[in-house]
Every structure is written in structure tokens, then in C-alpha cells.
Amino acid sequence: MCGNEALAEAAIIAGVDAYFGYPITPQNEITAYMSRRMPEEGRIFVQSESELAAINMVFGASATGKRAMTTSSSPGISLMQEGLSYLAGAELPAVVVNVMRGGPGLGNIAPSQGDYFQATRGGGHGDYRTITLGPSSVQELVDCMSFAFDLADEYRMPVIILADGILGQMMEPIVLNGAESAKWPRRKLPPKDWALTGANGREQHIVRSLWLKEGALEQLNDKLQERYKQVEKNEVICEQYEVDGAEIVVVAYGVAARIVRGAVSKAREEGIKAGWIRPVTLWPFPTEQISKAAEDFKIFLTVEMSCGQMVEDVKLAVSGKAPVLFYGRSGGGVPTVEQVLEKIRQLTIPAKR
Amino acid sequence: MRAVETVFERTPTFKDCPTHYCPGCGHGIAHRLIAETVDELGIRGRTIGIAPVGCAVLAYFYLDIDMLEVAHGRAPAAATGMKRTNPDKIIFSYQGDGDLAAIGTAEIIHAAHRGEQITVIFINNAVFGMTGGQMAPTTMVGQVTTTTPLGRNVDSQGYPLQVSELLAVLPGAIYIERCAVHKPAEIRKTKKAIKHAFQLQLDGAKGLTMVEVLSQCPTAWRMTPTEAVEWVEKEMTKTFPLGRLKG
């Protein structure tokens, strides 16, 4: 199973009621897989006429309390930003997978991490955030699915899984854990007592994002911000390796983090005190963990498959306490272990050799 | 003394409150006809409506049923998501001509094309009402709007878009009728059409049902309510002839 198919099966295990999608490379295996598997499970698959329609089908299904998802790749995700803003405004849960490809524009179909800003900053109009997960293996992609649906339901907001063309296309051995995620336990979720199910013997429910009365929208925004603070407090996940006492810490997420892991191991073999930090949640960002790591002086190197996006969050976290440098490849370029290692060597030579 | 007898009253699903609609506007009538239909069919507990972006965005304040507010033009997509996951519910969208015939053209055509079992109430008043009366795809030839100050000119602004005629050729659209609410006889026909469309959905008929309602907008047309109803009769019905187009 490639990453795309694995995440699709994991979504079915996670209890997705409806999948809506529009073809785009490099994530077409998901739509094809769902077109076969969802009807087998007696669930809903619709191939939409556009990404605009797909995200609004998700919007409609989610408003009735169903678990709904869509998947796409960068240009398609741009089209979904309107819907994501409305989901955020209407406080509706949803899971959106972005198997990122090169941009801007039509770009190419090669892997990229160029949509970090879009995913972690909200992406559409207005003051909102979306929980963003950055898995780095097919297994983690699988584990992310039930976790993402739970987070979406608990906080009533869209969750984005930021994968890339490599993760989507590559094959790795995986364990499908039934309803249980190997990494993150399932949660007890609040009832969806806001859902549109027909006002049968009860008052009407309205799901909306328009608040015209003076002060009403500010109140909604305050409520959302309060929820986002809870997410930042409770849901940060990051992994780190040999950060204490390191002279250089390399920060990377997703597939880039695996390349970094290789480079850091080689650097340590050469006697360079290197460590790494891998944010798993990109929003909420592990600001505290990185800030703590920056307390004793060390160099930070951020490695991305982009021209430098997450590096801004690393800089904000480090907050001037240490130098933060960047190495990246874009437009389908993927950093090699050797390239990252060379960068680590260059940055540590003046101090050590 | 003779007892007072009630011969007509507000239907329960139509809330007892003032609306924000302008004097002479057709929305209030269309809302009432939907509320009456819901009550007469006894489906309040299983009906979910979708409000558009436009003057009718606040329809949920007047219709006492579960309602969703969606992005401009996307109601047929949201309705698809709702109906597919809730086949036992009665799902309808309420959309204006800016919403349905301009920005939401793709969504309505493809919902019909897929034969989604939803009902669409399409209010056509030949302008963008809420934003102050700009040209819509449905604006009459020669009609003056804030963006056609010299009247709609076919050479540069095209002809009025007849969405019902477009949809009627699609196999997935099973019932399409164009009605109006500018006089009692037409209001009665509109009610009949809306009820028929809901009944088809209730019966599980395989496809999309749509009732287009020509509606007067005296404010954006810069007319008195009386002039507006006359304009529907004399002008709009020439471009948008009333009657059943399909089913």
C-alpha cells in the first residue's frame, strides 16, 4: 500500500462517514481507493466537480454531525480555502489532507513543503487557525487519521494533515490498528448537540458564520481564540533527539525530518554535537520546546522542502537567543543527507575545527 | 353574537416576527409558501434548509427549521453532502440569481447533473439585491442597474441567462417549473409547484427538483411596489416565461 492508500484505509477505520474529492496528482490513489472502499462499507463517496464543491460537500455533511473529509494537493487546497474559512467560522469539524506538490501556480507534481504558511496561518480570510499535523512516515500518516478526526470533533474545527508527494507515493510496512491509534489514544468526545438533524421535537439549530449585530462577531472571535489557546496548551507534539548539550540543532518536519535524522547521525559519527527537533503538530507549534532548547547557546538550522516557511516559527520561538539558519530546496527539489550534513559541517567548523 | 372565526392564520413554521425585507419584496411570500409546505406535509422534524448569500441569508430567522448558512453559490454542493449522508432528510436550498446563476453556476449544474435528490428554490429578481442592485446574469436586456448605467447591452454584457431551461435538458433534473409571486393567482401556482417538488423528494424520486420564482425587487429596480409587480408581468415573463419546463 502506498501512503495515499494507507491513509484512505486509516480514515475508514477512523470512522469517516463521507469522502468528497476531485482528482489531482500526486494524491489520486486516495480518490480511487475511496471510490471502491466507501461503497463497500456502505458509506458515501462523491467525486465532485471541483475542489470548491468538495469542501462544501464536506461542509454540508459535517453540519449534520457526520465525519467528513476531503483530500487534495496544493493548487486544489488553494481552492478550498474559502470553505476552510467557513468551516472555521461555523465551528464545524473536518479533516483535509494536503499531499503537497511544487508551487506556486500549477507548479509541478513533485513533492514539496511549500504550503506550510497556508496551512498554519489559516489560509483563508479572517482570524482563524486550523490544527496542522506533519507526519513523517506512512505509519504516522495512518496514525494521524483517527487522531485528526478526534481533534476536529473535540475542538469543532478543521484539521489539516500536511503530507507531501513522497509520503503519498512511497510504500512502507504499516500496522493498521483497528480503531486504536498506535501513537495517540482515542478520546472521549463531546456529543454533537449542535448538529442539523431536523428539528424533531426540539428548537431549530442554525449553523452559520454571519454575525451582523454589533459586537457579535468579536464575541465569536474571542471564543475561537480562547479555543485556540486550549489547543496550543494541550495538543503540541514534537520529538527531539540529543538536544541537550548540542552545538547545533536541526529543525525539520515531515519527510525532510527523516533526511535530517540521517544527516544528524552522520554528523555525530564525525564528532559534531548535533541534535534534531521534529514538530509533529505544525500548529500548534512547539514554541516552548524550541525556546527551551535555545536557552544554552547553540545554532539552529531549519531544513525544509521550501524556500523557508517554518523557519519563521523557529525564529519566533528562539526569539533572538541564538542564530537560526535555513537550508531548503523547492519546486520538487529534495535535500539529500549529504547536502544537510555539509551544511551542518559548515556551520560548526568555525566553532569546532 | 356571532363567534369570530379564523379563516387564515400564520403557519407555525413561519416565525411570528418582522422580516428585514423591503416593502414589496417577494422573499417573504416565498418563505411563507415553503413554511406552509413543510407544515402541510408534516416534515418540520426532518427538513433541513440552506440559506444563500444574498438578501435571504437570514432566512433562518423566519423559517423555524434546522438551517445551514453557506458560502456564496455553494448551496447545491453543501446540500449534496447533507442529502448523501442523510437520505431520510428533506434537504432544500434557497438561492437568489446572483448566488445560483452567477457564482454558483457550476454547483447547480453539477448537482442537477448528478441527479442529487434535493429541492432548489431559485429566486430570480434579475439583480444582485443585497449589494445594491448590480447586474446579474439574469438582468433583462436594456435593464438599468448600478453596473449597467446605460442599460444591459448584449454586445458587451450578454443575454439574460435562463438557468431553468439549461437545467431542464439534464436527465438528473426531474422537475423544473418557473413561477412568480406578483399576483395571487401566480402565488397559488408557486405554492403548488413548491409542494410538488417537496413531495417528489419525499417520495424518493430520483433527481433534482427546482422551482424558479420570479420575484419583485422594487428597491433595486428603483420602482414602487406596484410598478414592480407590473414589471414582472410585462417585462420579466417575456424573457422568463412561466410554466413547467420538465416533469
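The points below walk through a predicted model of two contacting chains, A and B.

1. Residues are numbered from 1 along each chain as its sequence is written, while chains are lettered from A and ligands numbered from 1 in the order in which they are written. As this is a predicted model, local features need pLDDT of at least 70 and side-chain atom pairs count only at pLDDT 80 or more, whereas totals for chains, interfaces and linings use all residues.

2. The contact between the chains takes 36 residues from chain A and 29 residues from chain B, where two residues are in contact if their C-beta atoms, placed from the backbone, lie within 7 Å. On the side of chain A that touches chain B, the largest share, nine residues, comes from helix 3 of chain A; helices (H or I, at least four residues) and strands (E, at least two) are DSSP runs, numbered from the N terminus. By class, this side of chain A has 18 nonpolar, 13 polar and five charged residues, with Ala, Val, Leu, Ile, Met, Phe, Trp, Tyr, Cys and Pro counted as nonpolar, Asp, Glu, Lys and Arg as charged, and the others, Gly among them, as polar.

3. Strand pairing also links the chains, since strand 7 of chain A and strand 2 (residues 66-69) of chain B pair in the parallel sense over two bridges, and strands pair if DSSP finds at least two bridges between them. Within this pair, Val207(A) has Leu68(B) as its bridge partner.

4. In chain A, five strands form an open sheet of mixed pairing, in the order 8-10-9-12-13. Strand 8 (238-241) and strand 13 (324-328) of chain A each have a single partner strand, so one side of each is left without a neighbour in the sheet. From one strand to the next, the twist averages 20°.

5. Helix 10 (residues 254-269) of chain A packs on this sheet, and its direction makes about 165° with that of strand 10 of chain A; such angles run from 0 to 180 degrees between N-to-C directions, and axes are lines fitted to C-alpha atoms, for helices over the stretch in contact. Helix 12 (residues 310-318) of chain A lies across strand 9, strand 12 and strand 13 of chain A, at about 160° to strand 12 of chain A.

6. In chain B, the axes of helix 2 (residues 75-85) and helix 4 (residues 105-113) come within 7 Å and cross at roughly 40°. These two helices of chain B are therefore oblique to each other, given that angles under 35 degrees count as roughly parallel, over 145 as roughly antiparallel, 65 to 115 as roughly perpendicular and the rest as oblique.
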